[in-house]
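Q: I have a model open and would like to practise reading it with you. Could we go through it feature by feature?

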Amino acid sequence: MTLSCSLVVELKNVLKRYHEIIAVDHVNLSIKAGEIFGLLGPNGSGKSTTLKMLLGLVKPESGSVNVLGIDVQEDPVAVKRLVGYVPESSRLYEFLTGIEYLDFIGDIYGMQTKEKKVRIGEYLKAFELEGREGDMISSYSEGMKQKIVLISAFLHKPKLLILDEPLSGLDPRSARIVKDFLHELKAQEVTTILSTHVLEIAQALCDRIGIMYHGKILALGTMEELRQMAMLPDSGLEDIFLKLTGTNDVRAIVEELLK
Ligand SMILES: Nc1ncnc2c1ncn2[C@@H]1O[C@H](COP(=O)(O)OP(=O)(O)O)[C@@H](O)[C@H]1O
Ligand SMILES: [Mg+2]
């Protein structure tokens, strides 16, 4: 593996079609180490498909996908070892307890028993799940389940986190914990790429944002740069921004994230 450049993710001219639908349309994207990068776009714009291609879960029809210096097509297993992934809808083994599940995930990644125990304990505490780890996952709230999914993605100390709509199901306080956590990881040079369909969430979490629309990355930059672009006449971005503004149910989350 070579990491001669600081690019953690590099997509070149990536195309993915599902029959006649173009899900990802000749996308080029570079993400640097330590960035928190947001893919922002309405439902169906191609965010999840793009993220899945970074892990080798979906194969591009053409173009290349390079993650942490590895060609994903050539060695998807090596990529999965270095990456933590939270899919948009994850299935937990609900008949396990929280701690049993995390223990099992740690084993899959080949973690040493002691380190695994210590890290699981730290994360359960940080995510305010202490005291419930011995209960079956089937008894957890949606937010608690999402916390378990997030912890299972962080557990093996990945260099890159791929989070598909990571705040879904979380209450404002938990969303805040996730934000602070991502910033802590950023300080350790961990790169995060996340997707969201809510503008304000991307703004609160991300250093740089790519706006996806009909499979294309239409614009890329900091939120301030994107807002300036959106104000340009005929940019087309203004309409897209309106579609992406959060509804009442995310207001409380956004307020907490901005505190
Ligand atoms: N497995 C699939 N089979 C067929 N079409 C799919 C599949 N996954 C995604 N699509 C289509 O590809 C497009 C992009 O989907 P997706 O990447 O899930 O977008 P987003 O995550 O932005 O909502 C949509 O039109 C969606 O219906
Ligand atoms: Mg999606």
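Q: Let's begin with the open sheet of 4 strands: in what order do the strands lie, and is the pairing parallel or antiparallel?

A: Happy to help, and keep in mind throughout that this is a predicted model. As a general idea, strands of a sheet pair through backbone hydrogen bonds, in either a parallel or an antiparallel sense. Here the order is 2-1-4-5, and the pairing is antiparallel.

Q: Which strands stand at the edges of that sheet?

A: Strand 2 (21–32) and strand 5 (70–71) do. Each has a single partner strand, so one side of each lacks a neighbour in the sheet.

Q: How many bridges join strand 1 to strand 2?

A: Strand 1 (residues 7–18) runs antiparallel to strand 2, and 8 bridges join the two. For a concrete pair, find Glu10, whose bridge partner in strand 2 is Ser30.

Q: What is the strand order in the open sheet of 6 strands?

A: Read across that sheet, the order is 6-7-8-3-9-10, and the pairing is mixed. Strand 6 (83–86) and strand 10 (216–221) are the edge strands, each pairing on one side only. On average, neighbouring strands of this sheet are turned by 15 degrees against each other, direction ignored.

Q: Which helix packs on this sheet, touching strand 6 and strand 7?

A: That is helix 5 (residues 142–154), which touches strand 6 and strand 7 (160–164). The direction of helix 5 makes about 165 degrees with that of strand 6.

Q: How do strand 9 and strand 10 pair, and over how many bridges?

A: Strand 9 (residues 208–213) pairs with strand 10 in the antiparallel sense, over 5 bridges. Ile209 stands opposite Gly221 in strand 10, and Gly210 has Leu220 as its bridge partner. When you follow such a pair of strands, keep in mind that side chains in a regular strand alternate between the two faces of the sheet.

Q: Which residue takes a positive phi in the hairpin of strand 9 and strand 10?

A: Look at His214, with a phi near 45 degrees. This hairpin has 2 residues between the strands.

Q: Now to a loop: is Gly41 buried or exposed?

A: For this, count the C-beta neighbours inside 10 Å; 20 or more make a residue buried. Gly41 has 27 of them, so Gly41 counts as buried. Gly41 is placed in the loop between strand 3 (36–40) and helix 1 (47–55).

Q: Which residues is Gly41 in contact with, leaving aside its neighbours within four places in sequence?

A: They are Lys47, His197, Ile211, Met212 and Tyr213. Ser30, which we met as the partner of Glu10, is 11 residues from Gly41 in sequence and 18 Å away in space, C-alpha to C-alpha.

Q: At what angle do the axes of helix 8 and helix 9 cross?

A: Helix 8 (residues 223–231) and helix 9 (residues 237–244) have axes that cross at roughly 125 degrees and come within 7 Å. That angle makes helix 8 oblique to helix 9. Leu226, Met229 and Ala230 in helix 8 meet Leu237, Glu238 and Phe241 in helix 9. The residues of this contact divide into 5 nonpolar, no polar and 1 charged.

Q: Finally, how many helices and strands does the protein chain have, and what is its radius of gyration?

A: There are 10 helices and 10 strands. The radius of gyration is 18 Å, which agrees with the value near 18 Å for a compact globule of 259 residues. Of the 259 residues, 39% count as buried.

Notes:
Residues numbered from 1 in each chain as written. Chains lettered and ligands numbered in written order. Predicted model: local features only at pLDDT ≥ 70, side-chain atom pairs only at ≥ 80, totals over all residues. Axes fitted to C-alpha atoms, helices over the stretch in contact; angles between N-to-C directions. Parallel < 35°, antiparallel > 145°, perpendicular 65-115°, else oblique. Contact = placed C-beta atoms within 7 Å. Nonpolar A, V, L, I, M, F, W, Y, C, P; charged D, E, K, R; others polar. Pairing = 2+ DSSP bridges. Rg over C-alpha atoms; globule rule 2.2 N^0.38 Å. Buried ≥ 20, exposed ≤ 12 C-beta atoms within 10 Å, placed from the backbone.
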